[in-house]
Amino acid sequence: MNLESFRLYCLENPGVTAESPYSLSTLVFKVMWEIFALTGLDSPAFLVNLKCASDYAEELSAAYSTIIPRHYE
């Protein structure tokens, strides 16, 4: 997947918006007012941060080597 296909996939869903509230190099996807995904626009590789429950992130990380859990407070 690349940035454009991810952007289109997200925006196909009801209530989803894309904006750059933090910087012009970060694209943020929201459902209503809740952020669910962030991606950089200036990275050579397509990377995305997705919001999910901590225990599910750990489960996904154990199953897939390309998923790296991040913990934010």
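This report covers model confidence, salt bridges, cysteines and the largest pocket of the structure.

The structure is a predicted model, in which local features need pLDDT of at least 70 and side-chain atom pairs count only at pLDDT 80 or more, while totals for chains, interfaces and linings use all residues. Residues are numbered from 1 along each chain as its sequence is written, and side-chain values use heavy atoms, with hydrogens and water left out.

**Confidence**

The average pLDDT (the predictor's confidence in each residue, from 0 to 100) is 91 for the protein, and 96% of the residues score at least 70. Confidence is highest in β1, with a mean of 97, and lowest in α2, with a mean of 89. Helices (H or I, at least four residues) and strands (E, at least two) are DSSP runs, numbered from the N terminus.

**Salt bridges**

Side chains of opposite charge can pair when their charged atoms come close. A salt bridge is taken as a side-chain nitrogen of Lys or Arg within 4 Å of a carboxyl oxygen of Asp or Glu. By this rule there are three salt bridges, listed below.

| Acidic residue | Basic residue | N to O distance |
|---|---|---|
| E4 | R7 | 2.7 Å |
| E19 | K30 | 3.1 Å |
| E34 | K51 | 3.7 Å |

Accessibility is classed by relative accessible area: buried is under 20%, exposed is over 50%, and partly exposed is in between (1.4 Å probe, protein chains only).

E4 and R7 both belong to helix α1 (residues 3–11), where they are three residues apart, about one turn of the helix. E4 is partly exposed at 40% relative accessible area, and R7 is also partly exposed, at 27%.

The pair E19 and K30 links distant parts of the chain, 11 residues apart: E19 is in strand β1 (residues 16–19) and K30 in strand β2 (residues 26–31). E19 is partly exposed, with 31% relative accessibility, whereas K30 counts as buried at 14%.

The pair K51 and E34 also links distant parts of the chain, with K51 in the loop between β4 and α2 and E34 in strand β3, 17 residues apart. K51 is exposed at 58% relative accessibility, and E34 is exposed at 52%.

**Cysteines**

With a disulfide defined as a pair of cysteine sulfur atoms within 2.5 Å, the structure holds zero disulfides. C10 is in no disulfide, and its nearest cysteine sulfur, that of C52, is 14 Å away. The sulfur of C52 is unbonded to that of C10 because the 14 Å between them is too far for a bond. C10 is buried, at 3% relative accessibility, while C52 is partly exposed, at 38%.

**Largest pocket**

A pocket is found on a 1 Å grid over the protein atoms alone, as an open set of points where a 1.4 Å probe fits, with protein on both sides within 12 Å along at least five of seven lines; lining residues have an atom within 4 Å of a point. Grid points are joined across faces, edges and corners, and a volume is the space filled by probe spheres set on the points.

The largest pocket has a volume of about 1,100 Å³. Its lining comprises 27 residues, of which V48, N49, L50, I68 and R70 are the closest to the centre. At least two lining residues come from each of β3 (34–40), β4 (48–50) and α2 (54–63). β3 gives the largest share, five residues.

By residue class, the lining holds 17 nonpolar, eight polar and two charged residues. Here Ala, Val, Leu, Ile, Met, Phe, Trp, Tyr, Cys and Pro count as nonpolar, Asp, Glu, Lys and Arg as charged, and the others, Gly among them, as polar.
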